[in-house]
Amino acid sequence: MKKIWGYYLRPFYLRMAGGFAIKFLGTWMDLLLPWTLAHMIDTVIPAKEKGQILPWGIFMLGCSVLAVVFNVLANRMASQVASSAIYVIRKDLFEKIMYLSNRQSDELTQPSLISRLTSDTYNVHQMIGRMQRLGVRAPILLIGGVAMTMMLDRVLSCVLLATLPFLTAVVLLVSRKSVPLFTGLQESTDRFVRLVREDIAGIRVIKALSKEGYEQERFDQANREVAKRERKATMLAAVTNPSMNILLNMGLVAVVCVGAVQVDRGFSETGKILAFMTYFTIILNALLSISRMFMVFSKAAASAGRIVEVLELEDERDLERAKVGQGEKETWHKGAGQRSLQQPSPHVEFENVSFSYNGTSNNLENISFSLGRGEVLGIIGATGSGKSTIAQLLMRFYDVDKGAIKIDGQDLRSMDLQSLRTRFGVVLQNDMLFGGGIYENIDMGRGLANEQVWEAIGYARAKGFVEEKGGLGAKLDIRGANLSGGQRQRLLIARALAAGPDILILDDSSSALDYKTDAELRKGLRERYPNTTCVVIAQRISSVMGACHILVLEDGKAVGYGTHRELMESCAIYREISQSQTGCGA
């Protein structure tokens, strides 16, 4: 919360101060009305000064109008500050999320990040607005109301003040216990959102397997957990209003009884009692507003903590500084320089690379290979063998645990991330198309010329259906839902080729293509991009058998490396895959 108030709201301090001043004046206009009414009843009317009634009435009307104008103006200013501040918070939070490492995203989970960017920022927005609207008005009404009652009748004021310590204790106790409850509520909401996203994304699979009942059961369980936590948190917060009402009503009964005695004995007047009752109502509403503020603040405090947790994480932009020492960098560059005198550095090189997602068991172990510029590496293996992990390490979505990955002799960890990734064209597993035009999906903000895009579409064997759909301006549904699987893959390949990549990664990018289109695509890549180094990850033996090198993986370990012919002779696993897919043993 300190970061929200001390950093994000600092540029708005002057505007907030102006709003507070206006709200202060408007609130005092409200407080003058009961005092004026008491003066008219106890002084003006008994003196039969009819000429004074109209001026005092005009004064009350003026106070009412000014109270409305000042409060409306202050509320508008508060809304502007809240919306402007939350815009900056959302912008910074989204930017931070974009630069989080994959490991950080995995730990936080996507549903949690979505929740922090939406519901948590909404809670903070509500808090900023409420604190400006009620954070000034309610305390002034409370303090001013008590002060005005002291001026009217000190005995009755003492009766009222006797209830305030109990009211304060209720508010503080409830607010202290509610913050952890609202934090737990947000965490259960994260799990609920994750389940909903999974079910909606996989609704066709659920229907195909007739698992609607099973998923409804899972949803009900998650929904019950959220409802239970929400009920527990809100019920605790809901204790505040009834408790305060009881205490204040008891105080009000005492005030009426004592006031009646005071009037009967001539120590007080009817107008003062009426004004006192009005101030009592004002104080009651002020206290209720303060209790509601504490509830909003409790939610916002939990949400702000979750937002700041993300904002204060080190992101990929910080990796340029810390992962590799300067001495190691000099060693790499020196080694690369010495090797360049003898022979060119491999374009892409893995040196005894080991990596684990969970830090316990290796997902890759002692992987080594090197590729010259323009060479093609095919990677094949069973599901879960580590094929896609190699692609993610090469693009530095994760850092290796042991060993090194080098491009042109330079370790990835010493390279600028943005410069590194602009060298790649990539089609990842389960890659996605966005809602929008075909051109926007291929260009992705890179400012590519139409000719470049059409050329990439042609090499990706997508020109025919793109023209049928209306050209580059044709609109796509989210995730390309209005395309077939093969059409989606060809557009994704066109996106990867459009900027003329230095290194091309195709991760299971032809699984939905027929064999003829797949073969034509591979032939076109060899002819059009002879200097582009390719890493082709595939399940089909036909997609990799023409590669310069083929890496066979099993359980994260390299069990074969060589050409198709060499592996057919030396690698039983590769030979088994080939025989199962082609039906021949050579």
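Helices here are DSSP runs of H or I with at least four residues, and strands are runs of E with at least two, both numbered from the N terminus. Welcome to this predicted model: by that count, its protein chain holds 22 helices and twelve strands. Below is a friendly tour, going from the whole chain to one helix and then to some aromatic rings.

**The chain as a whole**

- The protein chain has a radius of gyration of 35 Å, whereas a compact globule of 586 residues would come near 25 Å.
- Measured out along the principal axes, the C-alpha trace would fill a box of about 115 × 55 × 45 Å.
- Buried residues make up 45% of the 586 in the protein chain.
- The accessible surface of the protein chain is about 29,600 Å², and carbon and sulfur atoms hold 57% of that area.
- Among contacts in the protein chain with a separation of 6 or more, 75% are between residues 24 or more positions apart.

**A helix to look at: α19**

- Helix α19 covers residues 485-497, which makes 13 residues.
- From the first C-alpha to the last, α19 reaches 19 Å, close to the 18 Å expected at 1.5 Å a residue.
- Most of α19 is covered, with eleven of its 13 residues buried.
- Among the buried residues of α19 are G486, Q487, L491, I493 and L497.
- The charged-side-chain residues R490 and R495 of α19 are buried as well.

**Aromatic rings that pair up**

- Searching the whole structure turns up ten aromatic pairs.
- One pair is F350 with F369: the ring centres are 4.5 Å apart and the planes meet at 20 degrees, so this pair is stacked.
- This pair links distant parts of the chain, since F350 belongs to strand β1 (residues 348-355) and F369 to strand β2 (residues 364-371), 19 residues apart.
- F350 has 2% relative accessibility and therefore counts as buried, the cut-off being under 20%.
- F369 also counts as buried, because its relative accessibility is 5%.
- Elsewhere, W35, W56 and F59 are joined into a cluster by ring pairs.

**Charges over ring faces**

- K3 lies over the face of Y7, at 5.0 Å from the ring centre.
- R528 is placed over the face of Y529, and here the distance to the ring centre is 4.8 Å.

Methods. Residues numbered from 1 in each chain as written. Predicted model: local features only at pLDDT ≥ 70, side-chain atom pairs only at ≥ 80, totals over all residues. Heavy atoms only, no water. Expected span 1.5 Å × (residues − 1). Buried < 20%, exposed > 50% of the residue type's maximum accessible area, 1.4 Å probe, protein only. Phe/Tyr/Trp six-rings, centres within 6.5 Å; stacked < 30°, edge-to-face > 60°. Lys NZ or Arg CZ within 6 Å of the ring centre and 35° of its normal. Rg over C-alpha atoms; globule rule 2.2 N^0.38 Å. Contact = heavy atoms within 4.5 Å. Areas by Shrake-Rupley, 256 points an atom, 1.4 Å probe, with all protein chains shown as cover.
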